[in-house]
Amino acid sequence: MTAATTSTLALPDTGRTFLAGRWSRDHREVVEVRAPAGDVLLATVPRQGPVEVDAAVHAALASRDAWAATDPGARAAALDTLADALAGEVDDLAALISADVGTPAKVARAVQVELPITVLRTTAARLRTMTFTERRGPSEVTHAGVGVVGAITPWNYPLHQSVAKIAGAWAAGCPVVHKPSELAPLAVLRLGELIAEVVVDLELPAGVYSQLSGVGHEVGALLAGHPDLDHLSFTGSAAVGAQVAAAAATQLTAVTLELGGKSPAVVLPGGNLEAAVRATVNSCLLNSGQTCNALTRLLVHRSVYEEAARLAGERAASLESRLGPLISAAHRDRVNATLERALDEGARLVVGGPDAPTDRGAGFWARATVLTDLAPDAGIVRDEVFGPVLCVQAYDDEEEALRLASAAPYGLAAAIWARDGDEAVRFARRLRVGQVSVNGAPFDPEAPFGGFGASGFGRELGEAGIRNFLTTTSVQLPSTA
Ligand code: NAD
């Protein structure tokens with residue numbers, strides 16, 4: 001992958017954000033956005049503060065009742081219009097994400113851009129089938145939008161994580177104040193421009209979407225603790241998730257947390273080992289390991305442990321030259337320090353390691369790494385690395401496989417490989433995780449997405465992602481009604 005240059009990019013106007021129904025340019029400071037491949041300056045974006053946060057939330061509040069009162073069909077039409085707009089510039093959006101996240105262009109197109117378009121369309125379609133009022137005995141029960149939603153999103157899938165929140169909230173009739181990550185804001189700024197067109201063209205209430213730009217612990221923290229939010233939906237690390245949840249709690253704001261993971265792939269005896277290893281390594285290395293639901297632990301029966309480690313090492317080594325860089329120098333250093341600690345504690349390196357790959361030039365490159373000989377309570381087995389690192393572990397029987405699979409504090413995703421689907425499903429039902437793939441089943445963009453434990457709470461995508469932003473009123477009717 002060559003170093004990104006601004007000359008080849010169709011950049012959005014990076015000096016403004018769409019906020020409270022107009023373009024905000026009044027910031028005095030900026031934040032630099034660097035390309036992780038090549039480590040070059042791509043752009044600067046506004047460093048906003050309390051004035052912008054207040055303006056955005058107040059505009060959302062002012063539009064809350066009008067937006068909630070719109071016909072669901074009109075909100076579905078708005079989502080479809082936005083999907084059409086994104087679909088009209090898939091390559092440009094993929095190029096922006098390739099530049100600021102570092103995702104190779106082909107993967108950026110398929111996963112980073114096509115997926116959010118699918119999410120918008122499937123959410124719109126689901127919304128058209130939903131009813132929001134029902135009769136329950138003597139009561140009329142109404143499910144309505146919870147109100148103003150604050151959305152804080154990460155850099156690793158910047159468009160998808162943004163759309164996952166905006167689609168669900170808009171479908172529920174909630175205005176959104178959005179704070180994307182300052183590390184990879186380019187495609188989200190373009191998303192803001194496209195949303196602005198939808199708001200103007202469809203004459204939506206002015207405050208139905210505002211975008212904030214700036215530093216997480218500044219503008220993000222102000223949003224998280226804002227007294228006029230009705231719901232805060234956060235996607236990011238567990239550490240920051242705990243901070244924003246605490247800030248929201250002081251205002252009694254409801255919270256959704258989509259946090260990290262340490263997801264296991266379990267190959268039960270009789271499961272297709274080669275297919276399982278291939279799929280697990282592919283998942284682990286997707287986006288250079290910077291994927292929340294990446295399968296980062298491979299659990300196999302002891303009788304095939306060495307073979308699994310060899311196959312995983314071969315697959316990882318063959319993919320290394322196709323990986324993009326990590327997001328930043330600081331993140332690459334964290335990943336390598338975690339690897340060094342694991343090696344000091346006795347882990348065995350099958351391939352990769354904490355040294356820089358050769359021939360990649362400037363930028364934040366990391367090796368595709370496979371480790372074995374890990375204690376079940378080793379840090380690298382329990383903690384999210386968020387880099388291209390796979391841990392291979394051995395179990396002696398199914399109960400131990402379950403114990404090892406459940407040993408990390410997270411509970412976001414898992415994959416089970418077994419002789420047949422029924423056996424895999426039986427094992428899957430015993431796991432406390434949000435999503436399980438059985439025998440290589442692909443990601444379902446309409447299935448509820450979210451976690452247990454340190455992976456957070458609340459669900460996104462599909463109908464669950466809409467219901468996440470609804471709340472209920474029961475009107476108790478007199479017996480004659
Ligand atoms: P992060 O927690 O550092 O930042 C997430 C967002 O929070 C960013 O917009 C950031 O600017 C903002 N932020 C930072 N400090 C803040 C503060 N004090 N107050 C308010 N906002 C603040 O996470 P990241 O590095 O951007 O993303 C990587 C993490 O996100 C990984 O742990 C990954 O597993 C997780 N993630 C989870 C999901 C999911 O759906 N479960 C999806 C993608 C990523």
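This is a short tour of one sheet and of the ligand site in a predicted model.

Begin by selecting residues 24-475, the stretch that UniProt lists, in an unreviewed entry, as "domain: Aldehyde dehydrogenase". Over these residues the chain is 43% helix and 21% strand, and the C-alpha atoms at the two ends are 42 Å apart.

Next, colour the six strands that form an open sheet, which follow one another in the order β9-β8-β7-β10-β11-β21 with mixed pairing. At the edges you will find β9 (209-211) and β21 (456-457), each of which pairs on one side only. Strands of a sheet pair through backbone hydrogen bonds, either parallel or antiparallel. For a parallel example, select β7 (residues 149-152) together with β10 (residues 231-235), which are joined by four bridges, and look for Gly150, which stands opposite Leu232 in β10. Now add helix α5 (residues 158-172), which packs on the sheet and touches β7, β8, β9, β10 and β11, while its direction makes about 170° with that of β8.

Then move to the ligand, which has 29 residues around it, and select Thr153, Glu182, Ser237, Leu259 and Glu384, the ones that come nearest. Which elements each supply at least two residues of the shell around the ligand? They are α7 (216-224), β10 and α8 (238-249), and α7 gives the most, with four residues.

Finally, show three side chains in turn. Trp155 has a side-chain N or O atom 2.8 Å from an oxygen atom of the ligand, Lys179 places a polar side-chain atom 2.8 Å from a ligand oxygen atom, and Gln243 has a side-chain N or O atom 3.2 Å from a nitrogen atom of the ligand. Taken alone the ligand exposes 850 Å², of which the protein buries 90%.

Conventions: Residues are numbered from 1 along each chain as its sequence is written. This is a predicted model: local features need pLDDT of at least 70, side-chain atom pairs count only at pLDDT 80 or more; totals for chains, interfaces and linings use all residues. Side-chain values use heavy atoms; hydrogens and water are left out. Two strands pair if DSSP finds at least two bridges between them. Contact means heavy atoms within 4.5 Å. Axes are lines fitted to C-alpha atoms, for helices over the stretch in contact, and angles run from 0 to 180 degrees between N-to-C directions. UniProt positions are given in the numbering used here, feature names are shortened, and annotations may be inferred rather than shown by experiment. A residue is near a molecule or strand if one of its heavy atoms lies within 4 Å of it. A polar contact is a pair of N or O atoms within 3.5 Å; within protein, one must be able to donate a hydrogen and the other to accept it, and residues adjacent in sequence count only if both atoms are side-chain atoms. Accessible areas come from the Shrake-Rupley method with a 1.4 Å probe; for residues, only the protein chains shown count as cover.
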